[in-house]
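This report examines the structure shown below. It treats helix packing, the nonpolar core, aromatic pairs and strand pairing in turn.

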Amino acid sequence: MSKNVVILDYGSGNLRSAERALARTGAQVTVTADYDAAMAADGLVVPGVGAFAACMAGLRSVGGERIIGRRLSAGRPVLGICVGMQILFERGVEHGVETEGCGEWPGTVERLEAPVLPHMGWNTVKAPADSVLFAGLDAATRFYFVHSYGVREWELKPGDGFAVPLVTWAEHGVPFVAAVENGPLMATQFHPEKSGDAGAALLKNWVGTL
């Protein structure tokens with residue numbers, strides 16, 4: 001049976017591109033902000049483009065924080081994309097303004113230090129050997145990025161009672177977090193829906209975990 005995936009519609013993100021890309025994996029895809037549909041889906045995708053603060057405002061307006069938190073507490077999969085990944089962290093700092101994020105991971109989203117911003121275009125990533133998202137993709141594979149901000153330091157340290165998340169890195173001026181795999185919570189800084197065959201393979205890998 002095909003899996004049911006909801007793309008959370010909170011006013012941000014490349015919703016139709018993500019819908020088409022996920023549909024190509026064979027999943028049944030719905031774009032909605034409906035609480036019950038988002039909770040019942042096999043997988044929830046949280047997209048996001050633009051400013052951290054605006055995305056958080058939009059997310060709160062549809063109860064998105066609550067949906068994400070409740071799904072994760074029940075071990076139900078969530079995938080964040082681009083700013084949809086960034087808002088999973090504790091805070092974002094843009095133009096001197098600090099905005100509280102969802103707080104699923106400790107850490108700060110901040111401006112990258114690079115000669116050219118935004119970081120726009122194709123880039124390789126360094127994924128852990130046991131990654132599920134990047135399974136079957138070699139180290140030379142490139143993904144499509146569009147962003148000026150990112151998480152430059154991974155702050156969640158190993159502790160008792162939980163598995164260490166798998167963190168994938170990329171570099172543009174400085175190293176930054178390109179993807180995270182943390183049990184039911186996964187996320188990518190790049191846009192898999194804009195990354196051609198590589199992105200399609202990654203989305204298929206994610207849908208395969210549902």
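The sections below describe selected features of this predicted model.

## Helix H6 and its surroundings

Helix H6 covers residues 196–207, and its 12 residues should span 16 Å at 1.5 Å a residue. The C-alpha atoms at its two ends are 17 Å apart, which agrees with that expectation.

Six positions of H6 are listed by name as buried: Ala-198, Gly-199, Leu-202, Leu-203, Trp-206 and Val-207. An α-helix has 3.6 residues a turn, so residues three or four places apart point the same way. The buried residues of H6 pack against one helix, H1 (15–23), and against several strands. The strands are S1 (4–8), S3 (43–46), S4 (78–81), S9 (142–147) and S13 (185–188).

## The largest nonpolar core

The largest nonpolar core contains 64 residues. Within this core, the residues that touch the most other members are Leu-22, Leu-44, Leu-59, Ile-87 and Trp-206. Strand S12 (residues 174–182) supplies the largest share of the core, with 6 residues.

Trp-206 is also one of the buried residues of H6, and Trp-206 is in contact with Leu-44. Setting aside residues up to four places away in sequence, Leu-44 further touches Val-6, Leu-8, Ala-38, Ile-67, Ile-68, Arg-71, Pro-77, Val-78 and Leu-79.

## Aromatic pairs

The structure holds 9 aromatic pairs. One of them joins Phe-89 and Trp-105 in a tilted arrangement, with 5.1 Å from centre to centre and 55° between the planes. Phe-89 belongs to strand S5 (residues 89–94) and Trp-105 to strand S7 (residues 105–111), so this pair ties together parts that are 16 residues apart in sequence. Phe-89 and Trp-105 are both buried.

The pair of Phe-145 and Phe-190 is edge-to-face, because the ring centres are 5.5 Å apart and the planes lie at 70°. Phe-145 is in strand S9, whereas Phe-190 is in the loop between S13 and H6; the pair therefore ties together parts that are 45 residues apart in sequence. Both of these phenylalanines, Phe-145 and Phe-190, are buried. They also belong to a cluster in which ring pairs link Phe-134, Phe-143, Phe-145, Phe-176 and Phe-190.

## The four-stranded open sheet

Strands S5 and S7 recur in an open sheet of 4 strands, which has the order S6-S5-S7-S10 and mixed pairing. Strands S6 (97–100) and S10 (149–151) form the edges, each pairing on one side only. From one strand to the next, the twist averages 20°.

The pairing of S5 with S6 is antiparallel and extends over 4 bridges. Gly-92 has Thr-99, in S6, as its bridge partner. Helix H3 (residues 52–61) packs on the sheet and touches S5, S6 and S7. The direction of H3 makes about 30° with that of S6.

## Strands S11 and S12

Strand S11 (residues 166–172) is largely enclosed by the rest of the structure, because 5 of its 7 residues are buried. S11 and S12 run antiparallel and are joined by 7 bridges. Trp-169 has Val-177, in S12, as its bridge partner.

The hairpin of S11 and S12 has 1 residue between the strands. In this hairpin, Gly-173 takes a positive phi near 80°. S12 is also the strand that contributes the largest share of the nonpolar core described above.

Terms used: Residues numbered from 1 in each chain as written. Predicted model: local features only at pLDDT ≥ 70, side-chain atom pairs only at ≥ 80, totals over all residues. Heavy atoms only, no water. Expected span 1.5 Å × (residues − 1). Buried < 20%, exposed > 50% of the residue type's maximum accessible area, 1.4 Å probe, protein only. Contact = heavy atoms within 4.5 Å. Core = buried A, V, L, I, M, F, W, Y, C linked by side-chain atoms within 4.5 Å. Phe/Tyr/Trp six-rings, centres within 6.5 Å; stacked < 30°, edge-to-face > 60°. Pairing = 2+ DSSP bridges. Axes fitted to C-alpha atoms, helices over the stretch in contact; angles between N-to-C directions.
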